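This report describes the fold of one protein chain, its nonpolar cores and one loop residue. The sequence and the structure come before the description.

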Amino acid sequence: MQNPPVHRHAPAIEAIPLVLDSPHSGEDYPADFDHAPPRVEVRRAEDTHVARLYRSAPRYGATLLEATFPRSYIDPNRSLADVDPDLLADAWGEPLAPSRKTAQGIGLVWRIARNGVPMYARKLASAEVRARIERCWQPYHDALAAELDARHRAFGAVWHIDCHSMPAVGDANADDPGRTRADFVLGDRDGTTCDAAFTRTVAEALQGMGYGVAVNDPYKGVELVRKHGRPAEKRHSLQIEVNRRLYMDERTLVPNDGYAALERDLERLLAEVALFVRRSLG
Ligand SMILES: [Zn+2]
């Protein structure tokens, strides 16, 4: 891999305790990925352009972390226990707890591509998966934890937005196959990963710009908000899924006519969230 696994966009003004991360927008495909389907099909797993869409974040004092590796290679938004034993040529050697995501073929290392075909023409050695964890997953988790901890130490509270994008319609390996999605889906794991005021602030800001917003349906938030969201400790984590139809052609991944307007609206959202964070600090 050419790039480090995580790229950090530092605050351009005095930092506020607001951290964004984009775990699924990486486009730097490692030479040892060895996926079977054509790259164009594998790339449909990406949340393409998401880190770029939020690039105004540093101007509001926020930090933006972005993964440079593709989520189909190893997914930072899954736990290390979410390994699919069917992928492996040998035993993992530690207890596994595969989630429903693994059953759907999209666990820590994806078994199938978005078009439903197998991602690999062979079994992977468990050492290959461990190397991906060491080179990509662990550095990403370490960087995000360090950023959140540093802000929490300095301010006594931290707000975290885990940034994603979703297909316009649920596909075969989703929880809602065939269903048309809202413009945005906010996930706070049924109110457990942040104070309700944070979710409400984001929802109302987006609704005020004319967007349709769903909460915890069909996406509740996965590993990153689960791991970092502890509102009793003033650690607030919220997942935001933006509908890909708002900004790109889902087959070619090329930005569409809506891209510029969405980028501008996300900047307005960040301005409102930054205000909310400053007010919450008192
Ligand atoms: Zn995502």
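The text below goes from the whole chain to its cores and then to a single proline.

**Overall fold**

The model is predicted. The protein chain contains 7 helices and 7 strands. Read from the N terminus, these elements follow the order β-β-α-α-β-α-α-β-β-α-β-α-β-α. A compact globule of 282 residues would have a radius of gyration near 19 Å, and the 18 Å of the protein chain agrees with this. Along the principal axes, the C-alpha atoms of the chain fill a box of roughly 55 × 40 × 35 Å.

Of the 282 residues, 56% count as buried. Among contacts between residues at least 6 apart in sequence, 79% join residues at least 24 apart. The whole-chain surface and charge values are set out here.

| Property of the protein chain | Value |
|---|---|
| Exposed area | about 11,700 Å² |
| Share of the exposed area from carbon and sulfur atoms | 51% |
| Positive charges | 37 charges |
| Negative charges | 41 charges |
| Separation of the mean positions of positive and negative charges | 1 Å |

**Nonpolar cores**

Which residues of the largest nonpolar core touch the most other members? They are Leu20 and Phe184, in a core of 40 residues. At least two residues of this core come from each of β2 (18–22), α2 (50–53), β4 (158–166), β5 (184–187), α5 (196–208), β7 (235–243) and α7 (259–281). The largest share, 9 residues, is supplied by α7.

Leaving aside residues up to four places away in sequence, Leu20 touches Tyr54, Ala57, Ala62, Thr63, Leu64, Leu65, Ile161, Cys163 and Leu270. A second core, separate from the one above, has 32 residues, including Trp110, Tyr120, Cys136 and Leu144.

**Pro118**

Pro118 lies in the loop between α3 (100–103) and α4 (126–155). Is Pro118 buried or exposed? Its relative accessible area is 51%, so Pro118 counts as exposed, the cut-off for that class being over 50%.

Beyond residues up to four places away in sequence, Pro118 touches Ala36, Pro37, Arg111 and Ile112. Asp32 is 86 residues from Pro118 along the chain, and the C-alpha atoms of Asp32 and Pro118 are separated by 17 Å.

Methods:
Residues are numbered from 1 along each chain as its sequence is written. This is a predicted model: local features need pLDDT of at least 70, side-chain atom pairs count only at pLDDT 80 or more; totals for chains, interfaces and linings use all residues. Side-chain values use heavy atoms; hydrogens and water are left out. Helices (H or I, at least four residues) and strands (E, at least two) are DSSP runs, numbered from the N terminus. The radius of gyration is taken over C-alpha atoms; the globule rule is 2.2 Å times the number of residues to the power 0.38. Buried means under 20% relative accessible area, exposed over 50%, partly exposed in between (1.4 Å probe, protein chains only). Contact means heavy atoms within 4.5 Å. Accessible areas come from the Shrake-Rupley method with a 1.4 Å probe; for residues, only the protein chains shown count as cover. Lys and Arg count as positive and Asp and Glu as negative; His and the chain ends are not counted. The place of a charge is taken as NZ of Lys, CZ of Arg, CG of Asp or CD of Glu. A nonpolar core is a set of buried Ala, Val, Leu, Ile, Met, Phe, Trp, Tyr and Cys residues joined through side-chain atoms within 4.5 Å.
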